[in-house]
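User: Could you take a close look at one helix for me and talk me through how it sits in the rest of the chain? I'm new to this, so plain words please.

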Amino acid sequence: MRFSAYFEEAARLSAADPARAGELLREAEAHSLAGVPEHLNLCARIWMEHLKNRDNAMRCLLLNECRTAPDDQAALLEITEAYLVIVRDFSSAERCFKKALAARSAEPERLRAFLEKYGRKGKNDAFYLGSANI
């Protein structure tokens, strides 16, 4: 089965056969590549949006965060965005964002774009990313 077919089939089966959809997502997770954060981000999206299973969506994102190289800022920013958009978990997003800031492979333009999209000015805002000097 093509990798993308796991997601297509899981989404299609989510209403009629959620157990089989979950099995397909587990298979997709097993075939996901550590260097490609989109794989597990997509697993999390299907868990959340089609199967309404936040726990498994969070598990996918945490696995993604844990197996991402600590110096891969681009991947860590993708995972941070997934925490924000897919599961709306701000504490996990903040933790992952701090890892992205500490990454040696800094990408200033990508970080700047991320902050323009998700950063907030004050600590009273819903998601405060702190002060990132870029």
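**A close look at helix α3**

Analyst: Let's start with the length of helix α3, which covers residues 37–49. At 1.5 Å a residue, its 13 residues should span 18 Å, and the end C-alpha atoms are indeed 18 Å apart, so the expected span and the model agree. Keep in mind that this is a predicted model.

Now for the setting. The protein chain has seven helices and zero strands, so the pattern along the sequence is simply α-α-α-α-α-α-α. Of the chain's 134 residues, 42% are buried.

Which residues of α3 are buried? They are P37, H39, L40, N41, C43, A44, I46 and W47. Look at how those numbers are spaced while you remember a general point: an α-helix has 3.6 residues a turn, so residues three or four places apart point the same way.

And what does the covering? The cover over the buried residues of α3 includes α1 (3–13), α2 (18–31), α4 (54–67) and α5 (73–87). Zooming out to the chain's contacts between residues at least 6 apart in sequence, 52% join residues at least 24 apart.

Finally, step back to V36, in the loop between α2 and α3. V36 has a relative accessible area of 24%, so it counts as partly exposed; the cut-off for buried is under 20%. The C-alpha atom of V36 is 7.7 Å from that of A75, although the two residues are 39 apart along the chain.

As for the outside of the protein chain, about 7400 Å² is exposed, with carbon and sulfur atoms supplying 52% of that area.

Note on methods: Residues numbered from 1 in each chain as written. Predicted model: local features only at pLDDT ≥ 70, side-chain atom pairs only at ≥ 80, totals over all residues. Heavy atoms only, no water. Helix = DSSP H or I, 4+ residues; strand = E, 2+ residues; numbered from the N terminus. Buried < 20%, exposed > 50% of the residue type's maximum accessible area, 1.4 Å probe, protein only. Contact = heavy atoms within 4.5 Å. Areas by Shrake-Rupley, 256 points an atom, 1.4 Å probe, with all protein chains shown as cover. Expected span 1.5 Å × (residues − 1).
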